[in-house]
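Reader: I'm new to this one. Could you walk me through it and tell me how you know each thing you say?

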Amino acid sequence: ARGLTVHLEDADPDAARTAESLGAGTTEPAEGPVDLAIIAVPPALVGKVLADCQRRNLAHWYTDVASVKSGPGSEIAALGLDTVHYIGSHPMAGRERSGPLAARADLFEGRPWVLTPTADTDTDTLNAALELVALCGAMPIVMDADAHDRAVALVSHAPQLVSSLVAARLENADETAIRLSGQGVRDVTRIAASNPALWVDILSANAGAVADVLEEVAGDLGETVVALRALAAEEEGERRAGALGIEAVMRRGNTGQARIPGKHGAPPTRYETVAVVLGDQPGELGRLFGEVGEAGVNIEDVLIEHSDGQQVGFVQLSVAPTSVKRLTAALRAGGWSVRD
Ligand SMILES: NC(=O)c1ccc[n+]([C@@H]2O[C@H](COP(=O)([O-])OP(=O)(O)OC[C@H]3O[C@@H](n4cnc5c(N)ncnc54)[C@H](O)[C@@H]3O)[C@@H](O)[C@H]2O)c1
Ligand SMILES: O=C(O)C(=O)C[C@]1(C(=O)O)C=C[C@@H](O)C=C1
């Protein structure tokens, strides 16, 4: 989309061919060294693959996108590789599904992309990585590898495990309970569908920092259980203490959630939702998005909720509060059923 030639290589030729057929680039090898080689393999393989790429003189500059930075960085140094023309990086965007079929062209749009230069890193190497980040529409954040790993323990790795733990409660749950699943449990468990092997690899390189965060979560969980038991007690004073405990945890959650930045690192924006009833027919979603575009409204986020066993779904479009009236009127005029 940006007019650059991308050469794709993968240990699994089918993965490279599938990516090629989706328009990600060409599986034809480059004739000479390319500008930048982007190594997108599991973290434990970054050192080995970088060694192979440098031995083959594949590129002027090299980066990787692994979700942990200290482990691969130490391995690269231990292997004695060229660290002048290499810079670690980590786009803070991904999917719970792996492989080329899960790819999205706009995945990195407006997302933070961490770069971890060291004292060895050449300015031209940093600039090549900055250009990649800009081409993908992401926001560069320069960080030290250790600080990066501590930060992602809190904002990515511990949340992944907490999501998996919540979803694990559903493993043997009664089917009647599962059928009641609404948007709340879907929001909390989306990333529980992630690839276990990749996450073992990621967590192996950041286990201590993630264990520290989870130990604190475990402490909070213990206190929350005590508060819930008190809430169910006979004695009124105990019940009041329980209510205060639960209120405190909910308020702390409100405060933490409100600190998460919006797109482009801007302060959190409050969007409003326009909910549209959608028939379960091919092309309905595309038609809806087309009409939203024609109304000149930007979709900031979208949630699709299917009702079990019904031929309709609800699409919740998050839009700027100032666009709600205009969008609702335009969609109703176009024959869509918009919920009040
Ligand atoms: N999935 C995410 O959400 C996400 C987000 C940010 C960063 N990352 C990082 O990106 C990297 C890749 O993750 P992914 O989710 O794209 O995984 P993936 O399984 O979809 O892709 C990894 C690819 O690497 C290939 N591969 C394995 N060994 C290889 C080798 N020796 N040479 C060449 N190719 C090889 C595999 O065949 C596979 O196609 C990981 O380091 C991960 O931490 C992932
Ligand atoms: O949203 C997802 O599905 C992700 O995979 C996201 C996520 C994250 O925690 O933000 C997960 C791990 C990656 O290292 C980067 C992004």
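Author: Happy to. Let's start with one facing pair: His90 sits across from Val114, a residue of β4. Keep in mind that this is a predicted model.

Reader: What makes β3 and β4 a pair of strands?

Author: Two strands pair once DSSP finds at least two bridges between them. Strand β3 (residues 86-91) and strand β4 (residues 112-116) have four bridges, in the antiparallel sense, so by that rule they pair.

Reader: And how do you know that β2 and β3 pair?

Author: By the bridges again: three of them join β2 to β3, and these two strands run parallel. Here Tyr62 stands opposite Tyr86 in β3.

Reader: Why is the pairing in the sheet called mixed?

Author: The open sheet has five strands in the order β1-β2-β3-β4-β5, and its pairing is mixed. You've just met both kinds: β2 and β3 run parallel, while β3 and β4 are antiparallel.

Reader: Why are β1 and β5 called edge strands?

Author: β1 (34-39) and β5 (139-142) each pair on one side only. On average, neighbouring strands of this sheet are turned by 30 degrees against each other, ignoring direction.

Reader: How do you know that helix α4 packs on the sheet?

Author: Look at what helix α4 (residues 123-135) touches: β1, β2 (59-64), β3, β4 and β5. The direction of α4 makes about 25 degrees with that of β3.

Reader: What makes β3 "mostly covered"?

Author: Five of the six residues in β3 are buried. To earn that word, a residue needs 20 or more other C-beta atoms within 10 Å of its own. Across the protein chain, 18% of the 340 residues count as buried.

Reader: Why is Asn57 called exposed?

Author: The cut-off for exposed is 12 or fewer C-beta neighbours. Asn57 has 9 inside 10 Å, so it counts as exposed. You'll find Asn57 in the loop between α2 (46-55) and β2.

Reader: What makes the phi of Asn57 worth a remark?

Author: Phi of Asn57 is near 50 degrees, which is positive, and Asn57 isn't a glycine. Most residues other than glycine have a negative phi.

Reader: What about Arg270, buried or exposed?

Author: Arg270 has 9 other C-beta atoms within 10 Å, so it's exposed. Arg270 is in the loop between α10 (236-258) and β6 (272-279). From Arg270 to Phe289 is 19 residues along the sequence and 21 Å in space, C-alpha to C-alpha.

Reader: How do you know which residues surround ligand 2?

Author: The test is a C-beta atom within 6 Å of the ligand. For ligand 2 that gives Ser67, Met92, Ala93, Gly94, Arg95, Glu96, Ser156 and Ile191. By class, three are nonpolar, three polar and two charged.

Reader: What surrounds ligand 1?

Author: Ligand 1 has 20 residues around it, the closest being Ala11, Ala66, Ser67, Gly94 and Ser98. Its shell holds 13 nonpolar, four polar and three charged residues.

Reader: Last, where do the domains of the protein chain lie?

Author: The domain assignment gives domain 1 (13-143), domain 2 (150-258) and domain 3 (272-338). The C-alpha centres of domain 2 and domain 3 are 31 Å apart. In all, the protein chain has twelve helices and nine strands, and its C-alpha atoms fill a box of roughly 70 × 55 × 40 Å along the principal axes.

Note on methods: Residues are numbered from 1 along each chain as its sequence is written. Chains are lettered from A and ligands numbered from 1 in the order in which they are written. This is a predicted model: local features need pLDDT of at least 70, side-chain atom pairs count only at pLDDT 80 or more; totals for chains, interfaces and linings use all residues. Ala, Val, Leu, Ile, Met, Phe, Trp, Tyr, Cys and Pro count as nonpolar, Asp, Glu, Lys and Arg as charged, and the others, Gly among them, as polar. Axes are lines fitted to C-alpha atoms, for helices over the stretch in contact, and angles run from 0 to 180 degrees between N-to-C directions. Two residues are in contact if their C-beta atoms, placed from the backbone, lie within 7 Å. Domain bounds come from an automatic or database domain assignment.
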